[in-house]
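Here are a few notes from my look through this one. Have the structure open while you read.

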Amino acid sequence: MSDAPLIFSPKPDRPAPADTVGLLGWIRQNLFKDVPNALMTLLGAYIIFVVTGAVVNWALIDAVWSAESRRECLDQVGRAGACWPGVAAWFKNLIYGLYPKDQVWRINLGFVLLVLWMLPLWMPKVTSKIGIGLSAVLLYPFLASYFFLGGEKALVWTALIALGLCGLIWVWSTALTETLVEKPLGSWVIGRLGVPEADERRQRQTKLICAALLFVAAFAFVSLWSLSEVRTRLWGGLFLTLVISGIGITFSLPAGILLALGRRSDLPVIAAMSTLFIELFRSVPLITILFMFNTMLPLFMPTGIEVNQLVRAIVAVCLFAAAYMAEVVRGGLQAIDKGQYEASSSLGMGYWQTTTLIVLPQALKIMIPAIVGNFIGLFKDTTLVSIIGLFDLMNMARAIGEDTRWLGLFIEPFFVVSLIYFVFCFAMSSYSMGLERKLATGRDRS
Amino acid sequence: MTRSKRMIEIVGLNKWFGQFHVLKDIDLTVRDGQKFVICGPSGSGKSTLIRCINQLEHHQEGSIIVDGIKVEPGGRNQSAIRDKIGMVFQQFNLFPHLSVLENCILTPTLGQGLPKAEAEEIAMTHLTRVGIDDQARKYPLQLSGGQQQRVAIARALCVRPQIMLFDEPTSALDPEMIKEVLDVMVELAEQGMTMICVTHEMGFARQVADKVIFMDAGEIVEANEPQAFFDNPRYDRSQQFLSHIL
């Protein structure tokens, strides 16, 4: 008997069985595991083939591509094929509503500006992403609403638009300096002007002066610049849908967060008011809220003050969306372990620091699927504004079938509208999945 | 023996959870540099006691004075007191969305207004002290339990506390990891930190404690030097408890 201990050496790894890995392995495991499984696979493939075949036939192969009216389409193929010329003739209206044709560039430019504004958020070297995101939410709307609405502008309004313009200039100059010279805009400008680095007071003054000069220039530019007024009743189509849902979405998240925090607050009055608001708006259908805002609100307003119909619809959608979002956010907040609150308060952080730095980042991350689900729901819910007579994408599609030339042409416009909705919703959903993957770093052991 | 200044002074502390009387007439004085170990069966109020000290729980009666500042439930002194006290939890409670280094510099930069570079430097010295400096860029959930707990200790130290509270720091750890955490705590004790540890690691208590406090049913049953406490506990309840865990 020897005293030396036995030496343990782990067995070497063996490769996994060949029929469980690789493409062939996957197919065998998932599609043809046994006889019922194989039968279901074949049946599924057959159904997919029949359905897509029918759709392709109707939409592409048997479709009519040029005609003057629905009569002509029907004469050519009857109901077997789609009649696209009707949709084509109305396509501009589907997108822009009744917006004057020569002014449509303003809508396009407005959305291009939004893309420009958000673009730096995806540039890797840019560090002021929070500022850029905030400016997009707080300043872009002024610029965009002037582009879309135009018309007379009073002094305050001019200043706000100029502020929007300054925002855009700031976003891009920041993005450029941070990308090219890898310095924040402020310190780059100061370096260029030769202000000594040690003198903080002069630095702050210089920054203020620069900002003021920029604002004055923007103000002068905006006041020289005039766009003709386009009344909101001419707004419509996809444009209107995007405006309503865009505002609803941007408003609902911050408002929902505040309401959710309010509902969980220790202060009884705030908690009660938040709960009351949330429960009130959640218990009433959106259509009812829209009707209420549309017909009853003017009764309570003092005479002489008239709130635009579109604004009424937007306010209704925003409040409704905020109430729903609040409950989603509350769900996320409840998922955060109590230990996180205790750790951060034992480190001396106060309520707002704990909330914004510890709790919300974690809660929002788990809530991404639910939040985006809510956004998608809201985007589709905006079709309900057609009930109060706004010509959003959906209502515009219906209008095609009421045109005397294309009388009864409903299926094709709805098909196109479904595609448009699908593209937007699918984009949102893919983006959210991408975001989840990106934020998953550090979540699991790897 | 020179009497150093009183860091924590608890007089007549009473606390209820609803109708349940968790802490009954607790008196306790911890002087600068002293190490106290609190033990006792679960539900005896030992965690609640140390959580009252940094106001994670609010007491209803009695007074707690931390380094000359009176702790008032929900009072304005709260943040001043929390700056003096570092706390380590059973479940580590690191912030999973921040890297190890970010966990450590969060309060120094935001709460105490330290420049980021300086805070990082301090954080790195503490991380080196607990032996995690090579993992500073990782995220908490990528580390083992023992490593996470050591990060939690470093994070608490970054606030430059004068007192450290440990709430069962090794209870959630695998046996092999307990030692690495205890080693860090022993080292901290040797460097003169004032410490109160709720723990059942009696070896640790024997090694570093100035006093072992045994609690049951919300009361301090006995408080004595470790040698005396372990060798001849005065109360039957303490004897019974020790016979279970030793």
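The points below cover salt bridges, a pocket, cavities and a charged patch.

1. Before anything else, keep in mind that this is a predicted model.

2. Let's start with the charge pairs. Over all chains, a search of the whole structure turns up 20 salt bridges. One to look at is B:Arg51 with A:Glu342, where the closest N and O atoms sit 2.7 Å apart. This pair joins two chains, because B:Arg51 is in helix α1 (residues 46-53) of chain B while A:Glu342 is in helix α15 of chain A. As background, side chains of opposite charge can pair when their charged atoms come close.

3. Next, the second largest pocket, with a volume of about 620 Å³. It has 16 lining residues, and the closest to its centre are A:Arg264, A:Asp266, A:Tyr341, A:Tyr351 and A:Thr355. Two elements of chain A each give two or more residues to that lining: α15 (338-346) and α16 (351-381).

4. How many cavities of 30 Å³ or more does the search find? There are two in the whole structure, and the largest holds about 50 Å³ of space. Its lining is made up of B:Arg129, B:Val130, B:Leu157, B:Val184, B:Glu187, B:Leu188 and B:Gln191. Helix α6 (residues 175-190) of chain B gives the most to that lining, with three residues.

5. Last, the surface of chain B. B:Asp25, B:Asp27, B:Glu61 and B:Glu219 form a negative surface patch. To find your way there, look for strand β2 (residues 20-31) of chain B, which contains B:Asp27.

Methods. Residues numbered from 1 in each chain as written. Chains lettered and ligands numbered in written order. Predicted model: local features only at pLDDT ≥ 70, side-chain atom pairs only at ≥ 80, totals over all residues. Heavy atoms only, no water. Patch = residues over 30% accessible without salt bridge, like charges linked within 9 Å, V, L, I, M, F, W, Y side chains within 5 Å. Areas by Shrake-Rupley, 256 points an atom, 1.4 Å probe, with all protein chains shown as cover. Salt bridge = Lys/Arg side-chain N within 4 Å of Asp/Glu carboxyl O. Lys, Arg positive; Asp, Glu negative; His and termini not counted. Charge placed at Lys NZ, Arg CZ, Asp CG, Glu CD. Helix = DSSP H or I, 4+ residues; strand = E, 2+ residues; numbered from the N terminus. 1 Å grid on protein atoms, 1.4 Å probe; cavity = no way out; pocket = protein on both sides within 12 Å on 5 of 7 lines; lining within 4 Å. Points joined across faces, edges and corners; volume = space filled by probe spheres on them.
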